[in-house]
Number of protein chains: 2
Amino acid sequence: MSKRIGADTIELTSRPRIAAWSASAGQKEREGPLGDTIDYVLEDDLLGQKTWELAEAAMLRDTAFRCLDKTALKTRDVDILLGGDLINQIMAVNLCARELMIPLLGLYGACSTMCEALAVGGMLADGGAARRVLCAVSSHFSTAERQYRTPLEQGGQRPASAQWTVTGAGATLLCGSDYTPEGVIPAASLTHATIGRVIDYGVKDMANMGAVMAPAAADTLARHLSDTGRSADYYDEIITGDLGKVGRGLMLALLDEKGVKVDAARVWDCGERIFSPEQDAHSGGSGCGCSAVVLNGYILDRFARGELNRVALMATGALLNATSVLQGETIPGVAHLVVIEKEDAR
Amino acid sequence: MSKRIGADTIELTSRPRIAAWSASAGQKEREGPLGDTIDYVLEDDLLGQKTWELAEAAMLRDTAFRCLDKTALKTRDVDILLGGDLINQIMAVNLCARELMIPLLGLYGACSTMCEALAVGGMLADGGAARRVLCAVSSHFSTAERQYRTPLEQGGQRPASAQWTVTGAGATLLCGSDYTPEGVIPAASLTHATIGRVIDYGVKDMANMGAVMAPAAADTLARHLSDTGRSADYYDEIITGDLGKVGRGLMLALLDEKGVKVDAARVWDCGERIFSPEQDAHSGGSGCGCSAVVLNGYILDRFARGELNRVALMATGALLNATSVLQGETIPGVAHLVVIEKEDAR
């Protein structure tokens, strides 16, 4: 049963377990600093499919199966699939779900979707609505770039604030307290969620998603700390989804303005970490797949090895579409936060 | 606290209350058989905005406010906003949420989104994660038509199986058992949810959404009845979202094939009912707004007047996008079911 604390934070009192996780990504991600933590690397980002969109759906499906394969569970043992992606009408997860045949709740939170799925999944498992949920999200450079920006063939110049959409998928299996499969050792538990508000600071530059998302990230983190009465130091690390270098700096400045004390050395961004500066990704990686790949590899592996005790993970999303940008609309952002804690750390 | 029954159905044991509801729609919907049940009719479907997309977002925002205005509640009294629409990247609900400033969980279930929102909202209220949730969805003929099909100016011939996207929005306020505002009499309670699986029977015709969605609707209803051990007669009415005339017939045939006995006279479709045959909507209405407008007017008004005791409402969605159709992909469908019951009917 969940409990609300403060204005906007939900405590998951039964502490749903993160029982399995898996990530897939492309060659560029493999060549980045976290490349070794990726479960499965795509040899070719078309994955044998005839379109990029079908490739993304296949990548997501394979990642979901690989996650389940780490346990003795089959798809019929999972009550609900929670997922989303960046393709119009979340095409990747819809096509993936017709093969998995797990009842689907489709989500859209742009690049914040990994945390949106974990938050909803955690609440459903905690409230008894689901015994096990599979959270699965993806993005693909070639589907996103041509949909949101310009044809791939155009090869336009990218400003320094631009980010590079990660080709990758991540899947996380959450189990209600009595439903972890036998013999499976969970990496950690999900203990809290703070749902994001949609914040718009008037940014119109679609090549500066960090500036779009930073105000939402600062808002969510400030509300979370106020609701829980915790200082930022409670967390070993505060990890954002894909603010990139530009957005991380802006978020820290906004937190400072709000009077929220944060040790900048403990705050890092999946988008900034997934590619090295030499990889020409400018401000960093982005896309639903960015935080999904880093969570379902680097972060959860470190929990499993006992290197992390408490983390606040906050995936961030820029809520634009191709039409809104052409219509001159400002771009709002959103950030959903979940707390991951090692059981022993209680 | 929620309880799972059968393979896939969730019983909401605390029976979250439907405390307020409101619907807005356009002139064509006003002229239909249910026109009198619509709270607010748009004089002009641009609503004073410069684009159809901004008009849809404004309609959704106004509908949400009108729903809350029926109680003494303000936006800050609502814990979570659950919503979606058909515009790419659910632009309407995102723009609406930046004005409401209620923490947002963005959903995408195509035209099934009203029931997806009610199902998730019911589970969150039942599990203690939210005291009050506002479920808000919309569609707009002019945003949907040009995005999914052809430019509005083209005015192409529509086959008899085609449906007409409803310009409309609906908002429903769900309250946890102890959180109905004083003096407010709920219309009914939400008692069960059955989440849809994504089903694909290989239909490629985007002018026949009824055929796309009927298999998913039959699947969800069959699973729901099997899980609950109920016969279809338990319900006063079984209401589908936007199967239209073509889809309703197909669903009944598929249920018959599955051996599920249903009295066809008690099964009706919001899309078939919202427009009259003279209105040139062919197979019927469609869009998230279709079931949303009919629920948040005609159906809940009848509950409030004591004319209904038990209803299974099943909104249906066709999971296509413009790209998938051009790529020759088959179109999967989904259907989410919620049970609405009068308190006295317990």
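What share of the contacts in chain A between residues at least 6 apart in sequence join residues at least 24 apart? The share is 80%. The legends below describe a predicted model.

**Figure 1. Chain A as a whole in the predicted model.** Ten helices and 15 strands make up the secondary structure elements of chain A. Its C-alpha atoms fill a box of roughly 50 × 50 × 35 Å along the principal axes. For 346 residues, a compact globule would be expected to have a radius of gyration near 20 Å, and the 18 Å of chain A agrees with this. Of the 346 residues in chain A, 64% are buried.

**Figure 2. The two copies, chain A and chain B, and the relation between them.** A turn of 180° with a shift of 0.0 Å along the axis lays chain A on chain B with an RMSD of 0.0 Å. The two copies are thus related as by a two-fold rotation axis. Chain A contributes 51 residues to the contact, and chain B contributes 51 residues. On the side of chain A that touches chain B, at least two residues each come from β1 (2-5), β5 (80-85), α3 (91-100), β6 (104-106), α4 (113-126) and α10 (322-326) of chain A. The largest share of this side, five residues, is supplied by α4(A). By residue class, the side of chain A that touches chain B holds 25 nonpolar, 15 polar and eleven charged residues. The interface residues of chain A are also interface residues in chain B in 100% of cases, so the copies meet through the same surface.

**Figure 3. The crossing of helices α4(A) and α9(A).** Two packed helices are described by the angle between their axes and the distance between the axes. For α4(A) and helix α9 (residues 288-304) of chain A, the axes come within 7 Å and cross at roughly 60°. The two helices, α4(A) and α9(A), are therefore oblique to each other. On the α4(A) side, the contact is made by Thr113(A), Met114(A) and Cys115(A). On the α9(A) side, it is made by Cys288(A), Ser291(A), Ala292(A) and Leu295(A). The residues of this contact between α4(A) and α9(A) comprise five nonpolar, two polar and no charged.

**Figure 4. The surroundings of Arg61(A) in helix α2.** Arg61(A) is part of helix α2 (residues 52-69) of chain A. Is Arg61(A) buried or exposed? Arg61(A) counts as buried, because it has 22 C-beta neighbours inside 10 Å. Apart from neighbours within four places in sequence, Arg61(A) is in contact with Cys96(A), Glu99(A) and Leu100(A). From Arg61(A) to Ala171(A) the C-alpha to C-alpha separation is 9.4 Å, while the two residues are 110 residues apart in sequence.

**Figure 5. Gln89 in chain A and in chain B.** In chain A, Gln89(A) lies in the loop between β5 and α3. Although Gln89(A) is not a glycine, it has a positive phi of about 60°. Gln89(A) counts as buried, with 28 C-beta neighbours inside 10 Å. In chain B, Gln89(B) is found in the loop between β5 (80-85) and α3 (91-100). Gln89(B), not a glycine either, has a positive phi of about 60°. With 28 C-beta neighbours inside 10 Å, Gln89(B) counts as buried.

**Figure 6. Arg273(A) in helix α8 of chain A.** Helix α8 (residues 270-274) of chain A holds Arg273(A). Because it has 17 C-beta neighbours inside 10 Å, Arg273(A) counts as partly exposed. Pro33(A), Leu34(A), Trp268(A) and Val294(A) are in contact with Arg273(A) when neighbours within four places in sequence are left aside. Lys245(A) is 28 residues from Arg273(A) along the chain, and 9.3 Å separates their C-alpha atoms.

**Figure 7. Phe275(B) in a loop of chain B.** The loop between α8 (270-274) and β13 (284-286) of chain B contains Phe275(B). Phe275(B) is buried, with 26 other C-beta atoms within 10 Å. Which residues are in contact with Phe275(B), leaving aside its neighbours within four places in sequence? They are Gly32(B), Trp164(B), Ala281(B), Gly284(B) and Gly285(B). Phe275(B) and Gly26(B) lie 249 residues apart in sequence and 12 Å apart in space, C-alpha to C-alpha.

Definitions and conventions: Residues numbered from 1 in each chain as written. Chains lettered and ligands numbered in written order. Predicted model: local features only at pLDDT ≥ 70, side-chain atom pairs only at ≥ 80, totals over all residues. Least-squares fit on C-alpha atoms with pLDDT ≥ 70 in both. Contact = placed C-beta atoms within 7 Å. Helix = DSSP H or I, 4+ residues; strand = E, 2+ residues; numbered from the N terminus. Nonpolar A, V, L, I, M, F, W, Y, C, P; charged D, E, K, R; others polar. Axes fitted to C-alpha atoms, helices over the stretch in contact; angles between N-to-C directions. Parallel < 35°, antiparallel > 145°, perpendicular 65-115°, else oblique. Rg over C-alpha atoms; globule rule 2.2 N^0.38 Å. Buried ≥ 20, exposed ≤ 12 C-beta atoms within 10 Å, placed from the backbone.
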